[in-house]
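Work through the exercises below with the model open. Each one sets a task and then solves it step by step.

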Amino acid sequence: MRPLTTTASTDVEPLDTYDLVVIGAGAVGENVADRAVQGGLSVLIVEGELVGGECSYWACMPSKALLRAASVLRAAHAVPGARAAVTGSIDARAVLSSRDAVTSNWNDAGQVAWLQKTGIALARGHARLDGERRVVITAADGSTRTITATHAVAICTGSTAAMPPIEGLTDAQPWTSRDITSTDTVPPRLAIIGGGVVGCEMATAFVSLGSTVTLLARSGLLAGVEDFAGAAVAEQLRADGAEVLLDTSPERVDRRADGTVAITLPGGSVIEVDEVVVATGRAAATGDLGLETVGLAPGSWLEVDDTLRVRGFDWLYAVGDVNKRALLTHQGKYQARAAGDVIAARASGASVDDGPWGTHVATADHDAVPQVTFTSPEVASVGLTAQQAAERGMTTRVVDYDLGWLAGATVHGDDYRGTARMVVDVDREVIVGFTLVGDDVGELLHAATIAIVGEVPISRLWHAVPSYPTLSEIWLRLLEGYGRP
């Protein structure tokens, strides 16, 4: 793990009481605190590692920095004229250096300065609940401090890498998502266990950086999105030189005396690698938060209502990954805005708008969650898959279109390949699901998100004219495939 550089707390004159105590100063906790301060509350945020959290230092930002060089190189190779100008291969050391810059070299001074500017007090240390509205903070030197929250406590501690029950795996000291995104070296041979977003993105990145990659997935890749998306990613990974083993779970993992790793597969065959990454899901980071002091189970996900208040409590909130609604940074920040605003509203006695799509709720968590996976090709989706919509009992119609047929794809690059799918609830004539697979499709996703959240009728979408020649013309082609209502 890279050394972490922290700066001093911003709580210059420590208080014993704050309106709101936020546990966890990642992107989610920062946004809860910011909205509450804007609502007039005094707020203390507590962090034991780096202000800015997982996304800034070990997830979203470093992973995308590791992927960017390969994306640019692929784009240049697809364009006549540019292709001839690109020689050589990716400079792995330069990519790692760029990643270091994106993470501010694991130094949170800039984030702490933002807290100071915003008026949010910061306490460094480990926070634990000690009964209703009480938080005990243990500093690095072992000293403790007890804080009372006048109105609320918000738990924003996120999630950690889950360790699957594979014999020998824990003793083999595998890398997690944190280790792979912060590594200072490119392993010659790398195995990744898990076919989700982290596994697929890191396989894409490290193939481009020069690793010989083996990706092992218990079923297909990218479960939860349309099947054709995972199939396209698997095809490209294989084309780039990775070995992709689907429907495969290791039986045993051993770290040998020479530091290499042996992965035993069903049937007895063995894969030998230099490092193995576990990317099989997430666990709630609630194991040592004192949940038992308020009647909750340590280590559990925290169930909340749509205002992000933990069920059964009028003072306790759980925001972001920790509530398991949508384990995505942007969705956690969306929840945080609602939570910070509603905490301030309840504290001041203002009215609460907690109906669907109201000011103080996270309605989009249920059916309108957007996500981009930055593999090659990119996968962008929002809403329901065709199967999920059918399981909801909806009468749907599915329209697919080959992105390569678009004029915008023709000028984008040679041999552009991709697929778009629109899932329509025919009873209401609105889109409920949208999936795009292809290079640079992530920037197209927000239009689909707006259409789904706004429940824009198909008949009105016909009047939203896409510019020519762009990939956005996919909207016209899907509508033509569906036909006018």
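**Exercise 1. Classify R428 and its salt-bridge partner by burial.**

Solution. This is a predicted model.
Step 1. Take R428. Its relative accessibility is 41%, so R428 counts as partly exposed. Partly exposed covers the range between 20% and 50%.
Step 2. Find the partner. R428 forms a salt bridge with D425, and the closest N and O atoms are 2.9 Å apart.
Step 3. Classify the partner. D425 has a relative accessible area of 6%, so D425 is buried.
Result: a partly exposed arginine, R428, is paired with a buried aspartate, D425.

**Exercise 2. Show that E54 and R178 form a salt bridge, and say which parts of the chain the pair ties together.**

Solution.
Step 1. Check the distance. The closest N and O atoms of E54 and R178 are 2.8 Å apart. The cut-off for a salt bridge is 4 Å, so the pair qualifies.
Step 2. Place the residues. E54 lies in helix α2 (residues 53-57) and R178 in helix α7 (residues 177-182), so the bridge ties together parts that are 124 residues apart in sequence.
Step 3. Add the surroundings. E54 is partly exposed at 24% relative accessibility. R178 is buried at 16%.
Step 4. Look for shared partners. Salt bridges with partners in common join E49, E54 and R178 into one network.
Step 5. Set the pair in context. The whole structure contains 29 salt bridges.

**Exercise 3. Which parts of the chain does the salt bridge between D414 and R83 link?**

Solution.
Step 1. Confirm the contact. The closest N and O atoms of D414 and R83 are 2.8 Å apart.
Step 2. Locate both ends. D414 sits in the loop between α13 (407-412) and β20 (419-425), while R83 belongs to helix α4 (residues 82-85). The two residues are 331 apart, so the bridge links distant parts of the chain.
Step 3. Classify them. D414 is partly exposed, with 40% relative accessibility. R83 is partly exposed too, at 35%.

**Exercise 4. Decide whether the rings of F434 and W475 are stacked or edge-to-face.**

Solution.
Step 1. Take the ring centres. Those of F434 and W475 are 4.6 Å apart. Pairing requires centres within 6.5 Å.
Step 2. Take the angle. The planes meet at 20°, so the pair is stacked. Stacked pairs have planes under 30 degrees apart.
Step 3. Place the rings. F434 is in strand β21 and W475 in helix α16 (residues 474-482), so the contact ties together parts that are 41 residues apart in sequence.
Step 4. Check burial. F434 is buried, with a relative accessible area of 1%. W475 is buried at 12%.
Step 5. Count. The structure holds four aromatic pairs.

**Exercise 5. How many disulfides does the structure hold, and what is the status of C200?**

Solution.
Step 1. Count the disulfides. There are zero.
Step 2. Test C200. The nearest cysteine sulfur belongs to C60 and is 16 Å away. A disulfide needs sulfur atoms within 2.5 Å, so C200 is in none.
Step 3. Check burial. C200 is buried, with a relative accessible area of 0%. Another cysteine, C55, counts as buried at 15%.

**Exercise 6. Describe the second largest pocket.**

Solution.
Step 1. Give the volume. The second largest pocket has about 530 Å³.
Step 2. List the central residues. Of its 22 lining residues, Q236, P377, D415, R417 and D439 are closest to the centre.
Step 3. Assign elements. α3 (60-77), α9 (227-239) and β21 (430-438) each give two or more residues to the lining. The largest share, five residues, comes from α9.
Step 4. Sort by class. The lining of this pocket has eight nonpolar, eight polar and six charged residues.

**Exercise 7. Describe the largest cavity and its lining.**

Solution.
Step 1. Count. There is one cavity of 30 Å³ or more.
Step 2. Give the volume. The largest cavity holds about 70 Å³ of space.
Step 3. Name the lining. The residues are S71, R74, A75, T375, S376, E378, H412, D439 and D440.
Step 4. Find the main contributor. α3 gives the largest share, three residues.
Step 5. Sort by class. The lining of the largest cavity divides into one nonpolar, four polar and four charged residues.

Notes: Residues are numbered from 1 along each chain as its sequence is written. This is a predicted model: local features need pLDDT of at least 70, side-chain atom pairs count only at pLDDT 80 or more; totals for chains, interfaces and linings use all residues. Side-chain values use heavy atoms; hydrogens and water are left out. On a 1 Å grid over the protein atoms alone, a cavity is a set of points where a 1.4 Å probe fits but cannot get out, and a pocket is an open set with protein on both sides within 12 Å along at least five of seven lines; lining residues have an atom within 4 Å of a point. Grid points are joined across faces, edges and corners, and a volume is the space filled by probe spheres set on the points. Helices (H or I, at least four residues) and strands (E, at least two) are DSSP runs, numbered from the N terminus. Ala, Val, Leu, Ile, Met, Phe, Trp, Tyr, Cys and Pro count as nonpolar, Asp, Glu, Lys and Arg as charged, and the others, Gly among them, as polar. Buried means under 20% relative accessible area, exposed over 50%, partly exposed in between (1.4 Å probe, protein chains only). A salt bridge is a side-chain nitrogen of Lys or Arg within 4 Å of a carboxyl oxygen of Asp or Glu. Rings of Phe, Tyr and Trp (its six-membered ring) pair if their centres lie within 6.5 Å; planes under 30 degrees apart count as stacked, over 60 as edge-to-face and the rest as tilted.
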